[in-house]
Amino acid sequence: MKPSVRACLAALALSAAPLALAPSVFAQATEDLQVEVVEVASGVYMLVGRGGNIGVSLGVDGVFLVDDQYAVLSDEIIAAIRAISDGPIRFVLNTHWHRDHVDGNENLSAAGALIIAHQKVRERMSVEQYIEALDRRVPPAPERALPAVTFGESVTFHLNDEEIHVFHVNAHTDGDAIVHFRKGNVLHMGDVHFSGMYPFIDVSSGGSIDGMIGAVEMVLAMIDDETKVIPGHGPLSDKTDLQEYRDMLVGVRDAVAEQIAMGKDRDAVIAAKPTAAFDPEWGGVWLSPDQFTAIVFSDLARKR
Ligand SMILES: [Zn+2]
């Protein structure tokens, strides 16, 4: 990790400690939460509140947002943006359909923003969803919260003297978008990247461990040592962090696959602790080693 990134993280650690300790993907927001603003590159920011990290592009053409966290936080998020720009909030790009990334859509749409996402995001938000790993039902979103514009493979925004290239991957869900601020050399990974912790993979929404690895490898081939990586959850990261994350994903996938190949069932695979070598670094922040093993098992076992 570069020193400048470390300095940013040190500053973040003080104010964002509750998030770092409990970045629950589906946690409800607390009312007294402060939204932290981190400058990532010229005109590109990361907002840290509760829920998925928000990306921001600012400039002469107004404000472009990546994700919008929880509806109860919309006032705080808009106030944080107003502290750095008085331009109109014109676009919100959703990285995927999970509530901790899209729950603010209705408020931001009412405030004049156009919501954009992969077509699967609109499809899933339009009807009740069931997240099997969490045994959670999510009701359909109101019409005004649905993405008004959808895309299939990619879409590019030419705004704020920036080229914002958005492309689809099938990784954490079947409708993930990765956002590349090409001039700023910044990527927003959505929940394809949980920095420093085991990631949630929504297998019941079409996600998979192989999809996660494939998407991370695609991004690694696109970026350089200067690239700043905004993860869906966790601190601002860089290429080295993403490479270590990729190696962990591959190591866990192979270890779980080896257990399945021995004919073990779910409980026996979890009991074998296939993630043990990675647990000290990745297992103490959010998902436990057993929870992550169960998710990877549920994905790999159905393919056999
Ligand atoms: Zn998610």
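The following legends describe close-up views of strand pairing and helix packing in a predicted model.

**View A. An open sheet of seven strands with mixed pairing.** The strands follow one another in the order S1-S2-S3-S4-S5-S6-S9. Strand S1 (36-41) and strand S9 (149-151) form the edges, each pairing on one side only. On average, neighbouring strands of this sheet are turned by 25° against each other, direction ignored.

**View B. Parallel pairing of S6 with the edge strand S9.** Strand S6 (residues 114-118) is joined to S9 in the parallel sense over three bridges. His 118 has Phe 151 in S9 as its bridge partner.

**View C. Helix H6 across S6 and S9.** Helix H6, comprising residues 119-126, lies across both strands. The helix runs at about 105° to S6.

**View D. The hairpin of S10 and S11.** Strand S10 (residues 154-159) and strand S11 (residues 162-169) run antiparallel and are joined by six bridges. Within this pairing, Val 155 of S10 stands opposite Val 166 in S11. Two residues lie between the strands of the hairpin, where Asn 160 takes a positive phi near 55°.

**View E. The hairpin of S11 and S12.** S11 also runs antiparallel to strand S12 (residues 176-181), to which six bridges join it. Phe 167 is found opposite Ile 178 in S12. The connection from S11 to S12 passes through six residues. S11 thus appears in both hairpin views, with S10 as its partner in one and S12 in the other.

Terms used. Residues are numbered from 1 along each chain as its sequence is written. This is a predicted model: local features need pLDDT of at least 70, side-chain atom pairs count only at pLDDT 80 or more; totals for chains, interfaces and linings use all residues. Two strands pair if DSSP finds at least two bridges between them. Helices (H or I, at least four residues) and strands (E, at least two) are DSSP runs, numbered from the N terminus. Axes are lines fitted to C-alpha atoms, for helices over the stretch in contact, and angles run from 0 to 180 degrees between N-to-C directions. Two residues are in contact if their C-beta atoms, placed from the backbone, lie within 7 Å.
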